[in-house]
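Please open the model in a viewer and keep the sequence panel at hand. The tour proceeds by selections, each followed by a description of what is found there.

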Amino acid sequence: MMKKFVKSKLKWVALFGVVLSAVSLFSHFVLAVYTGKSVSEYQTSITIFSWRPIYENAGYLKTAASSRRLWGPVRPLQYLHPHANPRRNYESPALKANGFIFVRIQGGFHDIRNSICDAVVVSRLLNGTLIVPELQSTTSSKGISSDFKSFAYLFNEDQFTAALAKDVVIERSLPRNLNAARRKKEIPVFRVLRSTSTDFYLQMVLPVLKRHSVVELLISDGGCLQAVLPPHLEEYQRLRCRVAFHALQFRQEVQELATKILNRLRASGRPFLAYDPGMTKDALAYHGCAELFQDVHAELIQHRRLWMIKHEIARGNLRVDSVKQHLNGSCPLLPEEVGILLRAYGYPSDSIIYVSGGEVFGGQRVLLPLHALFENVVDRTSLCTNSELTSIYGRERCWAEPPPRVKLEFTKEMKVDTWKTSGPRPRPLPPPPARLKYPYNLEGWWGWVAEVDKEPEPTIMELRTNAHKLLWEAIDYIISVEADVFIPGFDRDGKGHPNLATMVMGHRLYQSAASKTFRPDRQVVAGILEEIREHLYEANRTWVTSIRKILSQSLLDGLDQALKNSKPLSFLSHPVPECSCMKHEVIEASTHATNSSTHFKALDLLGVQYLCPSWMDNDTVSVLDKESEEDSDDDDSTLGQLFQQTGGGREVATPEMSNKEDISLEDQEELEGTER
């Protein structure tokens, strides 16, 4: 009887479960019918990119006074205009050239840009026919696509030759007989250094060029001509500007992808900031900054520094006090320090920050503190798909198949002979077995550290990746130049020369001088950060005010430092005053302005005295009217604050800081920066 009761109860439970399942299926069907439209709309709104902006300040206003302070132009520099056209008697290249100049260039992206500009100037100086330079990083032996040959892999050849038609004669290749002689190494070759003088070319290279009708220049130091030319060669400086900022255009595929990324950055209608860490392995090794890392990266940097010392690239001892170097401003500002500077200056946590400059040594781990301070930290990989990025490489051979994983077999260790014949006990302990090396410990670019002390020769895959880095840096270069704000973490490369960041700052100074470009003094910044190192996130208002003053003054004082430090090494890092002019209509109108003397002092520091031609006056809108509108806007409600009230009676910066007081402080700092 009991068994029948239990069986009947189980039948009822099973029947109840079947009914619930049917009701559940019916309800899901109804929901799918009535919500299908909204679901499809939501799916179409999902982007294919890994980054979607997160904003806290929904009421962001472009006309707010805080927006002018954070993103607006540097007003004293609004009078500058790019002008690289010839200003004196400048004749077209002679019909009969002295010979052909073949150029081979080695180095990174910024080295290539500098070297091409120098090669064009040298060709003009020697009255030679320039052959389109060959970039050693992009030759077919590196495994890159056969669709692009050397120079065309990165730049637009047609634009290059057409833009410089009135400056120098350019041919795509040598004549057959000379090309055959070059392959047999029968033509004279000059390995030229970075700061070679014009006298060397006129006295040493020119006679050889006339005698053999061809010379080959091998440039491997990021340039082949002195940065600062004599005054009578000022037109050659403007020729450098025409090459760098007009003739050297990237090929169409690279330009289009960079434009797509720019459009995606600006899709939200907000400005963005570009940040170049400058933390490359060579730069860290050259300047002795290994102790900034506390893992295998420090060992890799020391390996690289040892190699530099052996090859006489770097000088000094192998072991360097990195903390002292950092306080002296000889090491890059860490991403955490840059993030704190920007938050202290007033940039809100939802500001868009684009990280440029190729790969950051140390990977994303080094950028984690910056991600913690800002929610919208992106790079090229998060703004485009992998297929879009690989499409610019062209049709390449398949990557080499990775070696098969070795199956580890744990065998019983045999005792050594000394253990077997050691006599009666107590016997010595046997040596420990060799530590097993798992494949995942040897994979990747750091694997050689566990095997050998010498860095192995790069593989074809690594050489191809190095060639692709030129395209990555080209994209970053375009975006950094077009950014609303730019801040560098470092301005030196692995040879102590100006790096990609200085090239960007020079291009921004030429193209749009008034765009906000911070040039912080790393020694001053490192010192002021060290003062509150133990309370870095509990800084008081006085510290925040001093940081804002330092960054505000760097907008103009940094130009003076670039003139003294960077321009003697690379003209393109500071192409002023040779390639700029002043708008005279604005100057005439500014005589009635109260702050005109301050603006003229800023122009005097730059040495710009040449007045722009009259045809440039059409685009000189009333800058003074814009300034008056900006000055009258006192709304600073969107000012982002890094620090909050932490208790303990410690005075900290809070959102209750007076908006008008903050604006007046910024105006005062800007005026002080121009009077220095």
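The stops below go from the whole chain to a strand, the cores and some backbone details.

This is a predicted model, in which local features need pLDDT of at least 70 and side-chain atom pairs count only at pLDDT 80 or more, while totals for chains, interfaces and linings use all residues. Residues are numbered from 1 along each chain as its sequence is written, and side-chain values use heavy atoms, with hydrogens and water left out.

**Whole chain**

Begin with the full chain, which has 26 helices and 13 strands (DSSP runs numbered from the N terminus: helices are H or I of at least four residues, strands E of at least two). Of its 676 residues, 49% are buried (under 20% relative accessible area with a 1.4 Å probe, protein chains only; exposed is over 50%, and partly exposed lies in between).

**Strand β7**

Select residues 214-219, strand β7, where 6 of 6 residues are buried. In a regular strand, side chains alternate between the two faces of the sheet. Here Val 214, Glu 216 and Leu 218 point one way, and Val 215, Leu 217 and Ile 219 the other.

Add β2 (residues 100-105), which pairs with β7 in the parallel sense over 6 bridges (pairing requires at least two DSSP bridges between the strands). Val 103 stands opposite Leu 217.

Next add β6 (residues 189-192), which runs parallel to β7 and is joined to it by 4 bridges. Val 192 has Ile 219 as its bridge partner. The chain passes from β6 through helix α7 (residues 198-212) to β7 in a right-handed β-α-β crossover (clockwise from the first strand over the helix to the second, with the strands pointing away from the viewer).

**Nonpolar cores**

Select Ile 116, Phe 160, Tyr 201 and Ile 475, which touch the most other members of the largest nonpolar core, a set of 88 residues (buried Ala, Val, Leu, Ile, Met, Phe, Trp, Tyr and Cys joined through side-chain atoms within 4.5 Å). Another core, of 61 residues, lies apart from it and includes Phe 293, Leu 373, Leu 509 and Val 544.

**Backbone details**

Which peptide bond is cis, with omega near 10 degrees? The bond from Val 576 to Pro 577 is, and Pro 577 is found in the loop between α22 (541-565) and β13 (580-582).

Then select Asn 127, in the loop between α3 (109-126) and β3 (129-131). Asn 127 is not a glycine, yet has a positive phi of about 55 degrees; this residue is partly exposed, at 24% relative accessible area.

Finish at Ser 150, between β4 (134-135) and α4 (151-154). Ser 150 has a positive phi of about 50 degrees and counts as buried, at 13% relative accessibility.
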